[in-house]
Amino acid sequence: MTVRDPLARQASLNRTRHLTFLSQFLARHSVPLSPEQLAPAEGVRAALATVVALLPALYFHQAVFAWAAFAAFWCCLIEPGGTPREQLRILGIFTVAGAVLGGVTSLIATFPYWGVIPWLIVTGLFAGLARALVPSMALLCALLGCVMLAGIGFPAHSFNDALTIALAFGGGGTWAIVLCLILWPQHPYAPARRAVGGCYQLLAVMAGELAAGRLQETVHRQTIRTAIERARGVALQIDAGHASYSMRGRLIASLAGAERLFTAMLAVEHLVETRGLDFEARGTLAAFSALCQHASEAALSPNPDLKRLSGEALGLADRIRVRSGTIGELVATSARTLGTLADGLAEKARLPFDADAPKHVARLTPVIWRHALRMVVGLLGTYLATQWLGLSYGFWALVAVLLVIQPSGQTTLVRALERVLGTIGGGVLALLATPFLPGPTEMMVALALFVIGAIAMRAVNYTLLVLFLSAHFIIVTEMTMPSDGVAWLRILDNTLGSLIGLGCAFALFPQRQTQDMDGLLRAAIVGNIRYLSAVLNGNDTVSTDRTQRQAGIDTTRAEFARGSLPLLGGLSGVGPGAERMHALLRALRSLSGEVTLLRFDMAAGLCAPDPQTGQFWKEKAEALEAREPLAEIAGQLESGEIMSSIAALKRSDRPAASEEAQGPVLSSP
């Protein structure tokens with residue numbers, strides 16, 4: 001086994017820690033950052049597709065042929081991964097439908113207002129109502145909506161001109177399909193693997209921080225919980241479209257393993273807070289941090305050495321001196337869990353993890369209809385504004401409206417800010433690069449670099465995607481339709497569209513209510529009480545995992561809301577009310593840690609289930625869910641009464657804390 005340089009490993013963890021802090025800070029303010037989703041290889045492939053597709057437009061000096069480059073780039077942007085059959089289905093639909101819609105729109109663009117406005121209404125309804133579909137199809141429809149709007153900027157004065165646009169788009173899309181599926185196929189589940197690998201990497205950071213004695217309170221809980229749910233969403237989204245059972249099982253099993261390690265680290269954090277940290281525990285956690293880093297590398301690799309990972313994990317578990325109720329016991333159990341997981345994946349065994357994928361039902365809810373109507377009004381208002389202002393590239397503003405307006409006003413605000421900032425950054429980047437681009441060759445190199453950046457960042461952060469995307473479109477426009485001030489026009493158009501979209505989101509069917517903090521707190525308390533009930537009842541592992549996961553999600557949601565900016569729809573984090581919420585959430589985290597310790601003790605046979613008390617807490621959770629007042633349970637949580645009684649339960653190898661606490665855990669009289 002190769003011995004890794006500890007200094008290099010520590011430097012890597014330090015870099016990861018900085019990215020983790022930045023990701024967590026942005027996530028608290030509704031701006032997601034996913035550094036593990038960086039995809040440079042996909043960016044290089046997209047650059048090749050776009051540059052080659054642009055060559056006919058440059059050679060024949062026909063701007064209309066640039067549609068081939070647009071189609072090639074959009075195909076690489078929407079390329080879903082998964083099986084070749086599913087890739088062909090998505091990219092084929094986009095290429096054929098895009099060619100037809102692009103040609104039709106170019107003919108409609110020659111009409112006066114009475115012809116264009118109905119088309120904008122159709123586009124808004126089409127893109128807005130598509131939100132009811134599965135995410136992959138909703139994204140496909142959104143990009144087809146962009147094609148329908150972009151065609152307005154390329155009016156075709158004859159059928160042959162429209163046919164040329166359609167053929168150019170179809171040719172560019174076909175070239176991208178051949179490149180993606182035949183000449184340069186990527187590993188189909190790379191995004192999901194990167195997301196799962198990111199979870200293990202964050203676990204390595206958490207274990208390293210605990211080994212150093214740095215307790216981050218909610219930071220790790222929020223960051224890792226968010227990463228796990230994001231990875232689960234990526235994995236289930238891919239599976240929903242590609243129906244690959246074996247890969248689905250592997251991804252979900254790996255993710256469930258990360259969930260269990262996360263559970264153990266939460267219990268470790270609770271032990272460190274309540275009992276302190278000795279030298280032996282520091283070394284054990286540092287070794288476990290390195291093991292999680294290796295697990296992250298295995299998750300990222302298409303062909304991981306799972307036998308080696310299993311040997312390393314089981315070897316660490318055997319080396320730890322185990323004493324019940326200690327950090328060493330939790331780490332040894334976690335290492336053994338990871339070793340068993342690696343063995344099972346290597347043998348392609350079915351593992352007992354929750355791998356149920358939710359079924360998607362397309363329903364046109366009132367929220368979807370309101371979203372579609374906002375989209376229609378936004379497109380009509382933007383079109384009239386661009387005509388009144390005489391903007392040369394008004395279709396950019398229309399595309400901005402289509403992509404900015406979201407069903408939620410808060411999400412629309414975040415998306416508008418991200419798009420404006422990204423567009424300004426992209427315009428500035430293109431302006432700074434202009435002095436170094438004297439000829440077509442240099443401009444093609446810059447174009448390739450911008451495409452690489454856009455595709456590599458597409459799942460990392462929307463602002464970064466828009467930054468490189470804007471620079472890319474500015475360069476293409478300069479090469480095919482040169483004019484003065486293209487960068488400034490791009491910034492103006494996108495800002496105009498974003499502001500109009502934002503105005504529509506808040507002026508039409510506005511959401512009058514902010515986040516219901518009391519409701520979020522109630523959900524968090526109910527979730528944690530259900531978790532306590534599941535553990536005391538001795539429920540099966542998969543069921544308890546699911547209950548704990550929901551409790552973690554509810555608690556994290558409440559913590560995010562408490563700390564978010566009022567501007568983004570959250571609540572202020574100051575004042576007596578906020579302090580009480582903070583204390584209650586902290587008590588919930590402590591309760592979760594103590595329940596997790598109890599769960600580990602039960603798994604080790606040190607403590608027997610207590611179905612009677614478990615039933616009491618189940619009924620209590622149901623009563624709270626039915627709007628029973630929170631005052632009594634909140635007082636018990638803040639005083640530590642519930643947690644103390646759990647800690648006092650008798651373990652087979654340890655005496656009970658006190659005679660009074662040896663009965664059922666706060667059971668009913």
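Helices here are DSSP runs of H or I with at least four residues, numbered from the N terminus. The model is a predicted one, so local features need pLDDT of at least 70 and side-chain atom pairs count only at pLDDT 80 or more, while totals for chains, interfaces and linings use all residues. Residues are numbered from 1 along each chain as its sequence is written, and side-chain values use heavy atoms, leaving out hydrogens and water.

**The largest cavity**

Let's start with the empty space. A cavity is a set of points on a 1 Å grid over the protein atoms alone where a 1.4 Å probe fits but cannot get out, and its lining residues have an atom within 4 Å of a point. There are 5 cavities of 30 Å³ or more, and the largest holds about 150 Å³ (the space filled by probe spheres set on the points). It has 14 lining residues, and Arg 221, Leu 266, Gly 552, Thr 555 and Ser 592 sit closest to its centre. These helices each give two or more residues to that lining:

| Helix | Residues |
|---|---|
| H9 | 218-242 |
| H10 | 245-275 |
| H21 | 541-563 |
| H22 | 576-603 |

H21 gives the most, with 6 residues. By class, the lining splits into 4 nonpolar, 6 polar and 4 charged residues.

**H8 against H11**

Elsewhere, the axes of H8 (residues 190-211) and H11 (residues 279-300) come within 8 Å and cross at roughly 170°. That makes the two helices roughly antiparallel (angles over 145 degrees). Among the residues in contact (heavy atoms within 4.5 Å) are Tyr 200 and Leu 203 of H8 and Phe 288 and Cys 292 of H11.

Conventions:
Axes are lines fitted to C-alpha atoms, for helices over the stretch in contact, and angles run from 0 to 180 degrees between N-to-C directions. Angles under 35 degrees count as roughly parallel, over 145 as roughly antiparallel, 65 to 115 as roughly perpendicular and the rest as oblique. On a 1 Å grid over the protein atoms alone, a cavity is a set of points where a 1.4 Å probe fits but cannot get out, and a pocket is an open set with protein on both sides within 12 Å along at least five of seven lines; lining residues have an atom within 4 Å of a point. Ala, Val, Leu, Ile, Met, Phe, Trp, Tyr, Cys and Pro count as nonpolar, Asp, Glu, Lys and Arg as charged, and the others, Gly among them, as polar.
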